[in-house]
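User: Could you take a close look at one helix pair for me, and then walk outwards from there to the rest of the model? An informal tour is fine.

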Amino acid sequence: MSDVTTGRQLPNRLDNPLKSTLLSWESLLVLVALAIFIFNSNASPYFLNEWSLSDLTFNFTEKALIALAMALLIISGEIDLSVATIIALASTMMGLALQYGADTPVLVAVGVGMGLLCGAFNGFLVTGLKLPSIVVTIGTMSLFRGISYIISGDKSFGNYPASFGWFGQGYVWWVISFELVLFLAFAVIYFVLLHRTNFGRRVFAIGNNDIVAQFSGVRVDRIKFILFCLTGLMSGIASVLLTARLGSTRPSIAEGFELEAITMVVLGGVSILGGAGSIVGVVLAALIMGLVTFGLGLLNVPGIVMSIFIGGLLITVIALPILFRMWRQRA
Amino acid sequence: MVLGLPVLSWVAIVVAILFFLLMTRTPLGRALYAIGVNPTASVYTGINVGLTKFMAFVLAGAVSGLCGYLWISRYVIASVEVASGYELTIVAACVIGGISIAGGIGTVAGALLGALFSGVINNALPVINISPFWQMAISGTAILLAVILNAQGERRKGRVILKTAEVAHV
């Protein structure tokens, strides 16, 4: 993913005044989020209501959970396009376990475990066999959803126990849903992991130059393998939440989630070439995505128009800093 | 139908021949391979990297437009859902056809064979009584196998080149 092999523009983003640039990027995201929030509250009378805002969080928490792990993966210079189909496969496995009379703890274990297994499979193909992650995950994307289709065919699984449904529909306190609490907890964990541990430092090192990282004693393959496992694990957790929220499983579940998760990561200021980014940005980007889709939904904007907004937002956010830099160089 | 083949196939054949000529007989084709192998060296040999990549995107867009027209003329229906998910099918076809995702390696014939392969998988499985629900998993496995085999082939080629270089040096 990086330009290391070509020798052109060796990225050395760690030398930049990282803190100031990230701060400005994140404050830009905060401003965008505030603007959308104010726009939404003016545009629709139903927006500024604690239950509406609570519903809003259901819009993005599952994708945002995946985006947290995906951010680390993209910072390390890899990508995983199969996350949505991991959700489908884990959900199908949970449905299958339900057919055999599994209880709630078993269901959760099956979902999370299946996600971890799929992530490990991706990680093995990429690090063990030295294959490019983008092609591998296009392949496993087809494979995982294909297995779901083989297992469930044209049927759907349903009738999950009520205690299982709590994971997707339950509230911890007042309007604060379990999904939101879980997301915030994982956001803190990933923030600490990426910005406060050796592991996070190594992820940045690999993303900037994996050859140098290797020679500096970083176990590049092992860390990449762990990152793929983490992404699979988060997809498994997202699968538990989504299945519990919808109360049913079909092989076509979570279609298009991978692109939304990647959109959150890129919108959050993570460099798609790897080596730069922050968890705070990703969390803010997830919030912005939730605000935009929920606000447009309240205004009865159809989904296909919503995707125009998301696409436009993404291109603008990527292009603006580049255009600004070009303009400043010319001036 | 023209000469026993549908017009759709003739269009595909003509486009494939045009792209074969483009990739093997024109400066643009050479430039595309050169940029894929080493963009820095391409800049120093006087290739306009930006323009060449721009042309590649324009060509991809133009062919997609043609396909949109052919789709409408075949199914006589246009909707937003037309060909959704095709981008990954097409990348998969290229990979199965031996085109390196890292760039610089691949032929038009390979891409054509890759596309034919996924076409055969999708259309032949129901004929031999395999449930259509198996299609997706089988094409996924095919993509993974193709990537693994291609990567092995490219790696071996690399070693051979290194060996001959050493011999030549001695």
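Analyst: Happy to. Keep in mind that this is a predicted model. Let's start with the handedness of one helix pair: H2(A) and H7(A) cross in a left-handed way. H2 covers residues 50–75 of chain A and H7 covers residues 178–195 of chain A, and the two pack at an angle of about 20° with their axes 10 Å apart. Angles under 35 degrees count as roughly parallel, so H2(A) and H7(A) are roughly parallel to each other.

Now for who touches whom. From H2(A) come A:Thr57, A:Phe58, A:Thr61, A:Ala64, A:Leu65, A:Leu68 and A:Leu72, and they meet A:Glu179, A:Leu180, A:Phe183, A:Phe186, A:Ala187, A:Tyr190 and A:Leu194 in H7(A). Sorted by class, the contact of H2(A) with H7(A) has 11 nonpolar residues, two polar and one charged. The polar residues listed are A:Thr57 and A:Thr61, both on the H2(A) side, while the charged residue is A:Glu179, which sits in H7(A).

Stepping back to the whole chain, chain A has 13 helices and two strands. Its radius of gyration is 20 Å, close to the 20 Å that the globule rule gives for 331 residues, so chain A is as compact as a globular protein of that length. Along the principal axes, the C-alpha atoms of chain A fill a box of roughly 60 × 55 × 35 Å.

Next, the neighbour. Where chains A and B touch, 24 residues come from chain A and 22 residues from chain B. On the chain B side, the elements giving two or more residues are helix H3 (39–44), helix H5 (86–96) and helix H7 (135–169) of chain B. H7(B) gives the most to that side, with 10 residues. By class, the side of chain B that touches chain A divides into 17 nonpolar residues, five polar and no charged.

Chain B also has an internal contact to look at. The domain assignment splits chain B into domain 1 (1–82) and domain 2 (85–170). Seven residues from domain 1 of chain B and four residues from domain 2 of chain B make up the contact between them. On the domain 1 side, helix H1 (7–25) and helix H2 (27–37) of chain B each supply at least two residues, and H1(B) gives the most, with four residues. That side of domain 1 of chain B divides into six nonpolar residues, one polar and no charged.

Key
Residues are numbered from 1 along each chain as its sequence is written. Chains are lettered from A and ligands numbered from 1 in the order in which they are written. This is a predicted model: local features need pLDDT of at least 70, side-chain atom pairs count only at pLDDT 80 or more; totals for chains, interfaces and linings use all residues. Axes are lines fitted to C-alpha atoms, for helices over the stretch in contact, and angles run from 0 to 180 degrees between N-to-C directions. Angles under 35 degrees count as roughly parallel, over 145 as roughly antiparallel, 65 to 115 as roughly perpendicular and the rest as oblique. A crossing is left-handed if the near helix is turned anticlockwise from the far one by less than a right angle, and right-handed if clockwise. Two residues are in contact if their C-beta atoms, placed from the backbone, lie within 7 Å. Domain bounds come from an automatic or database domain assignment. The radius of gyration is taken over C-alpha atoms; the globule rule is 2.2 Å times the number of residues to the power 0.38.
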